[in-house]
Amino acid sequence: MSQFDDILRKVHAYRPDDDLALLQNAYSFCIERHKGQERLSGEPYISHPLHVANILADLRLDPVCLAAGMLHDVVEDTPTSIEALQAEFGDEVARIVEGVTKIGRIHFQSPEEQQAENFRKMLLAMVDDVRVVLVKLADRLHNMRTLEYLPPEKRQRIAHETLEIYAPIAHRLGMGKLRGELEDLSFQHLEPDAYAEVKRAVERRRKVNEEFLAEVQRLVQAKMKQHAIPARVEGRIKRLYSIWQKLKRQHIAIEQVYDLLAIRIITDDVKNCYAALGVIHNTWRPVPGRIKDFIAIPRPNLYQSLHTSVIGPHGQPFEVQIRTAEMHRVAEEGIAAHWKYKDGSGATIQDAERFAWLRHLVEWQKEMRDPGDFLSTLKVDLYPQEVYTFTPKGKVIVLPREASPIDFAYAIHTEIGNHCVGAKVNGRIVPLKSRLRNGDIVEITTQANQTPSRDWLAHVKTSRARNKIKHWINIAQRRQAVEIGKRLLEKEARKYGVVLKKIADEDYQRVAREYGCSLADDLYAGVGFGKFVARQVLAKLVPTLAHEAGQPSRLTRTVKRVLGMTPDVAIQVHGYGDLLVYRARCCNPIRGEEIVGYITRGKGISVHSKNCKNVQNLLYDAERRIAVEWTGPKYTFYPVRLNLLTTDRQGMLAEVTAAISSDHSNIQNIEARTGDEQASIEVTVDILDKEHLDKIMASLRKIEGVYHVERMVKA
């Protein structure tokens, strides 16, 4: 049976009354347009769209969605236009394909800008038709399954993007099975050594674990039958990426992972779910604090299940998940399990709830022009939401883990957030930076004269709160920067006897355009923020002063000479002179890393790694950002702190120091702490550049018993 025949057979099984002529036409069209094209694996290109359609068929989606899945690359990879697709297959198919198609034919300033615009387009298309993202997820899943054929650098980029964007989107849509495979495939390419280590640990125990699960399944099945609870019992071993995340987060050994092994009890109704939970707790001792009721309070992606961890036979801990058959289908397939296109009916209240987060995404993305800000905020907003809090009236407010009362205030209303002065949690006054926990009842106190503080940005976790705070601060700071900029220009003008009021508006506009500003106020703000030098702006406004006013001041020249800021400094600012540059202490960037500069008033340019938490968490506004690059000599050493999580065994420290020395690096400091048969080693080493750092970290990961190696940066 051919791949396409297999797709037809699946669709006919779950949609026996549908006319499948649309799929036949899409298949023929696809073969014709992709004729002669090959994938990097050497397979005919047609195999990819067929695999995508097959994944969609496994999700039991409609023929329109499958046709779009087969045709999703014809606009991007062949001369076919959207209009031609629309004429041949109708509006629905064309709209989905257009939503999936990358904006590859428009010129962008940077790959980051292109990536941001692709996601903007996809999010907007998702609002009208969720099938856009379902096709995109199926496309990404098959590409991840065949990632080994791509060059290493491209593999890393795609795997990173999948882990940060596509897997969380699948999670937010409740598609647990697809999300799990995307995470494991990304993990395999991003952390191959850690992946191999975790896989070996799981495989060593696989036979014992499978025997244990089989024994528990038999016992549970017998107990359910004894209590007349209809049930299907399944066993599962936790996915590799999830295991690794838990080992890394909690610094524990694999034997201490309570939910490494799990069984699922799938029954007929909610009443029997709770009855089954009682049977389990009467059979084995539950682990305190490990009982979660996601049936009474579903997760934001509408996932429902009862979770408990128990100590089973032979003292082995395992997790039990209890749900109905419908809940199980939603847990595996998410939005694809019950959505409005399946039977032609309208959207349900649950569908509306499921997409509330998407509407919020679309709202703030319209206001966000900077691609770096957009991508960072998108990643923050896609993180799983885990904390369930309540208003005094009992309304549930779902927030990300470690959210603060400030997040809670903005979740209720923007004005409450902007004027928030205090909070009570469970009747007690707490600081606004406190972390909320499950079940907290939160009451917010406001005052009319209170305004948001920049310090709040360090304590909020939701994109809504972050963007509202930034919006308020940016307006206030911009107004202040314009005034400061005007005063600085006036002060500089007085030195040369220039009257600024006599300079024509056209000259201000001309100079503003030279600096990439659309308005004169933008130019003033740039001077006020410290982005532009007042003396140099004046030199452009009054060309007769160009030579004298355009020169750096004697003080600036002296400071640069004392600090060694000669033309061969390690970092250079694009397009601006007379600016002091220094590396930020929070992330301590090293040569070879992508860097970004931020103007700090009175201190010059602070240079951060693009991956710095302060940058990722959007603690800086776009107007203060400035392009910087590495330059000058390449023999500067940078101190970098590394943290290793290892087994506690004799000779480990010697092997670590030997690995670092063999890679031609000096050790400035090393400390080790042990406990629970594990060791935490903190070492500061001299690093030349990112390539040198990657080489050392790779060598350390190869040491037997090293679980995890990470670079330490200040928060």
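A salt bridge is taken here to be a side-chain nitrogen of Lys or Arg within 4 Å of a carboxyl oxygen of Asp or Glu. The structure is a predicted model, in which local features need pLDDT of at least 70 and side-chain atom pairs count only at pLDDT 80 or more, while totals for chains, interfaces and linings use all residues. Residues are numbered from 1 along each chain as its sequence is written, and side-chain values use heavy atoms, with hydrogens and water left out.

**The chain as a whole**

The secondary structure comes to 29 helices and 21 strands, where helices (H or I, at least four residues) and strands (E, at least two) are DSSP runs numbered from the N terminus. Of the 715 residues in the chain, 51% are buried, a word that stands for under 20% relative accessible area, with exposed meaning over 50% and partly exposed in between (1.4 Å probe, protein chains only). Among contacts (heavy atoms within 4.5 Å) with a separation of 6 or more, 67% are between residues 24 or more positions apart.

**Two residues in loops**

D73 is found in the loop between α4 and α5. D73 is buried yet has no salt bridge, and R39, the nearest side chain of opposite charge, is 6.8 Å away; for this purpose Lys and Arg count as positive and Asp and Glu as negative, whereas His and the chain ends are not counted. Beyond its neighbours within four places in sequence, D73 is in contact with H34, Y45, H48 and T78.

Q256, in the loop between α13 and β2, counts as partly exposed because its relative accessibility is 40%. Its C-alpha is 9.8 Å from that of Q316, although the two are 60 residues apart in sequence.

| Loop residue | Element before | Element after |
|---|---|---|
| D73 | α4 (63–71) | α5 (74–77) |
| Q256 | α13 (240–250) | β2 (261–267) |

**Helix α10 and the cores**

Helix α10 (residues 152–172) has 21 residues and reaches 29 Å from its first C-alpha to its last, close to the 30 Å expected, the expected span being 1.5 Å times one less than the number of residues. A kink of about 45° is centred on T162, the bend being the angle between axes fitted to the seven residues ending there and the seven starting there. Buried residues of α10 include T162, Y166, I169 and A170.

A nonpolar core is a set of buried Ala, Val, Leu, Ile, Met, Phe, Trp, Tyr and Cys residues joined through side-chain atoms within 4.5 Å. The largest has 62 residues, and L137 and M175 are among those with the most contacts inside it; helix α9 (residues 131–145) gives the most to this core, with 8 residues.
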